[in-house]
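Work through the exercises below with the sequence and the model open. Try each task before reading its solution.

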Amino acid sequence: MAWVLKMDEVIESGLVHDFDASLSGIGQELGAGAYSMSDVLALPIFKQEDSSLPLDDETKHPPFQYVMCAATSPAVKLHDETLTYLNQGQSYEIRMLDNRKMGDVPEITGKLVKSIIRVVFHDRRLQYTEHQQLEGWKWNRPGDRLLDLDIPMSVGIIDTKTNPSQLNAVEFLWDPAKRTSAFIQVHCISTEFTPRKHGGEKGVPFRIQVDTFKQNENGEYTDHLHSASCQIKVFKPKGADRKQKTDREKMEKRTAHEKEKYQPSYDTTVLTECSPWPDTPTAYVNSSPSTAPTFTAPQQSACSVPDSNSSSPNHQGDGVSQASSEQLQPSATIQETQQWLLKNRFSSYTRLFSNFLGADLLKLTKEDLVQICGAADGIRLYNSLKSRSVRPRLTLYVCREQPAPQGQQQAVGGGGDSSAATPYVYHAIYLEEMVASEVARKLALVFNIPFHQINQVYRQGPTGIHILVSDQMVQNFQDESCFLFSTVKAENGGGVHIILK
């Protein structure tokens with residue numbers, strides 16, 4: 001038995017010695033300083049897994065890259081999106097780069113693509129009310145655009161377009177094979193969309209987004225290729241430079257450990273991939289309410305004579321039909337209310353008021369409508385619901401002089417028996433513009449005279465002289481003046497002259 005135990009001890013000690021030797025061999029082969037993670041990753045098993053990664057990355061390789069030549073802020077944390085400061089009205093270059101690999105998107109080789117650049121809201125809350133926000137900005141800044149292209153500085157862009165109804169977007173065509181740079185100018189500042197309560201509020205961030213499209217089978221640029229965007233803030237001129245300097249000085253005061261939590265400032269801003277903007281190119285071109293099919297019908301009555309034979313602002317007949325000026329009735333159904341909104345150019349709010357009866361809409365106060373639709377459309381909708389017309393600048397009463405029988409000439413002049421005279425019926429004409437051409441146009445409309453046949457309008461002066469009616473004379477007419485008028489054929493036989501008496 002003792003012999004068996006001794007043999008077990010000898011075998012065990014031999015195994016321990018062999019195991020120690022194998023471990024010491026590993027240590028001698030690698031050495032103390034030879035072990036590293038890169039050696040481990042170089043093993044075949046890891047190489048096999050790593051080789052599969054680029055295949056997945058290649059499927060997401062973007063065809064284009066857009067780089068804006070403006071520095072990013074250094075005061076942005078590592079895992080946050082970059083933020084770039086821009087000066088209002090300053091031109092910034094966006095480089096349109098072809099990022100395709102060999103064989104990628106071959107259908108656009110040698111062809112043009114279309115890109116739409118937009119400035120939009122970054123905050124989701126403001127995105128939901130974007131239309132109302134932009135309408136309010138348009139109301140405060142008439143004639144201005146939120147985004148413009150600096151065409152003289154841009155390179156490689158052709159067929160540039162800016163839609164009057166899309167103040168925050170520009171579009172152009174470009175060739176990916178050629179050098180292309182679009183210089184943009186942002187005219188809105190971030191604090192314009194911040195409720196002013198105490199002063200010094202932070203401005204809201206915007207986004208610069210680029211959407212690129214290729215041609216479809218019909219030659220229209222509607223097939224989406226790529227979209228990318230970046231976050232910006234816009235300051236008054238030179239304000240972006242001061243903000244960048246302030247951020248840089250703040251970062252310099254931080255400790256090295258704190259600086260590690262922030263990303264460095266880069267000289268350029270690379271736009272990151274994102275989802276395409278909801279508006280398609282077709283919607284972008286035809287998004288103006290004035291071009292919607294709903295409003296083509298009223299335009300057909302441009303030359304019709306109103307039933308009331310009046311040229312009041314509600315019955316002009318030139319571009320505003322009588323149907324579109326009808327007041328919304330409290331008894332109107334949902335469908336009739338929707339039709340009224342469309343006829344009065346409120347098509348963008350039909351979905352918002354999709355369950356409203358006429359009575360529901362009429363119960364809303366002016367403050368309610370401004371809050372729902374924004375300042376511009378809210379006031380316009382309120383005035384339309386209350387049938388408030390534009391007050392004319394000048395009102396004139398005119399009557400067409402009718403030749404009376406010879407036996408009644410004296411009576412017509414006012415010196416005879418008025419009971420035998422033909423009654424004079426006057427019509428009111430309302431002038432929104434104090435110009436002579438407006439007088440001629442309104443007379444033609446009310447008395448059914450072809451406007452193109454009116455050569456001149458004269459006013460009969462002292463001793464029966466004919467004085468040409470000029471813009472200055474119209475501006476000196478007294479409000480609610482009364483005139484008789486007659487027509488005489490022009491000397492050359494083409495058209496007529498109108499004489500006011």
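**Exercise 1. Take stock of the fold.**
Count the helices and strands, then find what share of the residues is buried.

Solution. The model is a predicted one. Its secondary structure comes to 17 helices and 18 strands. Next, burial: 38% of the 501 residues count as buried. Now the surface. The protein exposes about 30,000 Å². Carbon and sulfur atoms supply 53% of that area. Last, the contacts. Take those between residues at least 6 apart in sequence: 68% of them join residues at least 24 apart.

**Exercise 2. Place K250.**
In which helix is K250 found? Is K250 buried, partly exposed or exposed? Which residues gather with K250 in a patch of positive charge?

Solution. Start with the helix: K250 is in α7, which covers residues 239-253. Then accessibility. The relative accessible area of K250 is 48%. Buried means under 20% and exposed means over 50%, so K250 is partly exposed. Finally, the patch. On the surface, K250 gathers with K77, K202, K253, R254 and K261 in a patch of positive charge.

**Exercise 3. Place S354.**
Between which helices does the loop with S354 lie? Which residues does S354 contact, leaving aside neighbours within four places in sequence?

Solution. S354 sits in the loop between α11 (334-343) and α12 (358-362). Its relative accessibility is 31%. That value lies between the cut-offs of 20% and 50%, so S354 counts as partly exposed. Beyond neighbours within four places in sequence, S354 is in contact with I334 and Q338. Take Q338 further: S354 and Q338 are 16 residues apart in sequence. Their C-alpha atoms are 7.0 Å apart.

Conventions:
Residues are numbered from 1 along each chain as its sequence is written. This is a predicted model: local features need pLDDT of at least 70, side-chain atom pairs count only at pLDDT 80 or more; totals for chains, interfaces and linings use all residues. Side-chain values use heavy atoms; hydrogens and water are left out. Patches are made of residues with over 30% relative accessible area and no salt bridge: like charges are joined within 9 Å, nonpolar side chains (Val, Leu, Ile, Met, Phe, Trp, Tyr) within 5 Å. Accessible areas come from the Shrake-Rupley method with a 1.4 Å probe; for residues, only the protein chains shown count as cover. A salt bridge is a side-chain nitrogen of Lys or Arg within 4 Å of a carboxyl oxygen of Asp or Glu. Lys and Arg count as positive and Asp and Glu as negative; His and the chain ends are not counted. The place of a charge is taken as NZ of Lys, CZ of Arg, CG of Asp or CD of Glu. Helices (H or I, at least four residues) and strands (E, at least two) are DSSP runs, numbered from the N terminus. Buried means under 20% relative accessible area, exposed over 50%, partly exposed in between (1.4 Å probe, protein chains only). Contact means heavy atoms within 4.5 Å.
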